[in-house]
Amino acid sequence: MNKITKKQKMSFAGLLIAIGIVYGDIGTSPLYVMKSIVTENGGIANVNRELIVGSISLILWTVTLLTTVKYVMIALKATNHGEGGIFSLYALVRKRAKWLVIPALIGGAALLADGTLTPAVTVTTSIEGLKNMRFGDVIPVPSQEVVIMITIIILVILFSIQRMGTSVIGKAFGPIMLVWFTFLGVVGIANLSHDWSLLEAINPIHAIRILFSPANKVGILILGSVFLATTGAEALYSDVGHVGKANIIGSWPYIFVCLSLNYLGQGAWILHNASYHAGNGDFNPFFEVVPSNLRLFAIALATIAAIIASQALITGSFTLVAEASSLKFLPRMNIIYPSTEKGQIYIPSINKMICVVTVAIVFLFRTSHHMEAAYGLAITVTMLMTTILLFEYLGKKGKPLYLRVIFLIAFAFIEGMFLISSLTKFLHGGYVTVLIAGFILAIMYVWFYGNKIRDKRESRNAYVRLDEYTDMLTNLSHDEDYPTYATNLVYMANVKYNKFIKREILYSILDKRPKRAKAYWFVTVNVTNEPYTAEYAVNTYGTKNVINVQLYLGFRKQTSVNVYLRQIVHELIADGTIEAQPQRFTTTPGRDVGDFSFVIVNDVISPLTKLTGYEKFMVEARVWLQNLSSNPASWFGLEYADTVVERVPLILGKHQESYIKRIKPKKQTKK
């Protein structure tokens, strides 16, 4: 808790870290927002002052309302022990209504889909700045094919280094992004100085007028391009746990000013270069506003900023998946902690998946302009779902209903308009976003509701009272007629209400083959709403050989059961709760904890299961996902422990026992 408390205090170091971690996505928006607006309107030859002023006004007020008001002023207060993001928000309000899981699932799936699009868009846009640039007599990037090749190389390298962790690289993010935002502001104000009258875009009247003006040839659909300016707002909320809300609130004004100046500067350049014609057909006002002698520096800095933004989205995806697994939205996965820093995680399977999808997107769309059609749709959906959950959060905090309704209507209307505008690009690339998010949502839905159906339909006879078998287990523990299976036999089991356990667990110990052990451990891992809880409770039922351990771990806490259990055994031996385990043969003098054997029981669907068509499909799909996911040992951090996975048939719903009738032997007749 001390670390989180320190993060809540504003400091120069905290502000610098916030600038490096939080604003990568929204900070690269100037690379493509104005370009998208001008291109959608028919090119630079079709723009006029009304369009530019109105478009910039839309950008400024979109960022003000969605990023500043909704996220910085409201959402940052909705943190779960300092942690933010849609799943942390859901953890705060899930007890208010069961249906709130729906917006949480949809928003989480869309946010993960956005994680595959951001690296593709930002890196491609940066490298396109090099296209057809001449260095002496050489043009290093003469075509879009070369842009694609360089982009893919950068992305593959970026995903390859994830396993090493980013603690060292991360320390450089702050200074680099500070340079980046300062560069945005300086270049913007240098161009704005040629036409200060463009500051009239601050008046929101221009934002409203341009939506209905003939100067805007795409009408309300311009919002699809404008929304790209605020796509990093959800990431800002998700990363609050890394830097603290005080540092975000303190650094945001500087970021907002620099972004605003850059958009205004790009607008001023466009108005003073209406006759500009790109000989190669490519046009990006972001690079054009930079003096020619600084163009290469701008491209290099933009590429680094794009990589930092991509890195933030990738690591954010790891965190999001880990939280989803803890909340039982996704199967458990193998999580690696590459450094000692809290929150630094690496999920190999997710890294490979995002890498493949991101590279495929680059190959499919080929240009950043085409990618922009898919980009933005996913994050719009996430923002809308966050608004619904925030409405419930405000209710939990006792805010008046009329204020909550005003909040819901206002932001749902704004985000709904952006969603409609983004959906019009469905056939031009938006379908890719829908497919990716839909695939992730389907997995989440099957896993969450498959578990619900299984728990609901499971027979009461499937559970027995553990305390009724303690005498039998104690006797087996001391019966020398049976060979010792392990000193500590550990079952990863869900002991409900501190006494009910699945029958197959005891069947494995007593019936399948009697397993003699010094101590029988039944370990339940409980995921708490708090991020970093690390507590345990034990119940020995008056014995020294049967121990029910309840682990309480936060949803962002590393699940290393073998490490925790070794500490627990040592403590229980020290206070006399369980029998001593002296070791005669050991390389560690004074070792008082014996060996461990871990048993994990997995379900397989039994032919005797009787469910409706929908329920059976959901449970079978859930079991299929379970078997497809990583080794169960990795779920509990037991990859290097002595672990056995036993599969048992899962019988759900009403079923009839199968009987066979005995008859007399039949006489065989000769043919």
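Me: A residue is buried under 20% relative accessible area, exposed over 50%, and partly exposed in between (1.4 Å probe, protein chains only). With that in hand, why is tyrosine 497 called exposed?

Reply: Tyrosine 497 has a relative accessible area of 70%, which is over 50%, so exposed is the right word. Bear in mind that this is a predicted model, where local features need pLDDT of at least 70, side-chain atom pairs count only at pLDDT 80 or more, and totals for chains, interfaces and linings use all residues. Residues are numbered from 1 along each chain as its sequence is written, and side-chain values use heavy atoms, without hydrogens or water.

Me: And what makes asparagine 498 partly exposed?

Reply: Its relative accessibility is 34%, which falls between 20% and 50%, so asparagine 498 counts as partly exposed. Both residues sit in one loop: tyrosine 497 is between strand 2 and strand 3 (500-502), and so is asparagine 498. Helices (H or I, at least four residues) and strands (E, at least two) are DSSP runs numbered from the N terminus.

Me: What is phi at tyrosine 497, and what is phi at asparagine 498?

Reply: Tyrosine 497 has phi near 50°, positive although the residue isn't glycine. Asparagine 498, another non-glycine, has a positive phi near 70°.

Me: Why is strand 2 (residues 484-492) called largely enclosed?

Reply: Seven of its nine residues are buried, so the rest of the structure largely encloses strand 2.

Me: How do you know that strand 2 and strand 4 (residues 516-528) pair?

Reply: Pairing takes at least two bridges found by DSSP. Strand 2 and strand 4 have seven, in the parallel sense, so they pair. One place to look is tyrosine 491, whose bridge partner in strand 4 is phenylalanine 522.

Me: Which strands does strand 6 (residues 546-554) pair with?

Reply: Strand 4 pairs with strand 6 in the parallel sense over nine bridges, with threonine 528 opposite glycine 554. Strand 5 (residues 534-539) pairs with strand 6 in the antiparallel sense over six bridges, and there alanine 534 has leucine 553 as its bridge partner. The hairpin of strand 5 and strand 6 has six residues between the strands, and tyrosine 541 in that hairpin has a positive phi near 55°. Strand 6 is mostly covered, with eight of its nine residues buried.

Me: What makes serine 317 buried?

Reply: Serine 317 has a relative accessible area of 3%, under 20%, so buried it is. Serine 317 lies in helix 16 (residues 295-326). Leaving aside residues up to four places away in sequence, serine 317 touches Leu112, Gly115 and Ile354, where contact means heavy atoms within 4.5 Å.

Me: Why is leucine 435 called exposed?

Reply: Its relative accessible area is 58%, over 50%, so leucine 435 is exposed. Leucine 435 lies in helix 21, and together with Leu364, Phe426, Leu427, Tyr431 and Val434 makes a nonpolar surface patch of about 580 Å². Patch residues have over 30% relative accessible area and no salt bridge; nonpolar side chains (Val, Leu, Ile, Met, Phe, Trp, Tyr) are joined within 5 Å, like charges within 9 Å. A salt bridge is a Lys or Arg side-chain nitrogen within 4 Å of an Asp or Glu carboxyl oxygen. Helix 21 (residues 430-457) gives the largest share of the patch, three residues.

Me: What is the mean pLDDT of the protein?

Reply: The mean is 84, and 89% of residues reach 70 or more, on a per-residue confidence scale from 0 to 100. Residues 1-7 are below 50, and that stretch has 10 contacts in the model beyond near neighbours in sequence.

Key
Areas by Shrake-Rupley, 256 points an atom, 1.4 Å probe, with all protein chains shown as cover. pLDDT = per-residue confidence, 0-100.
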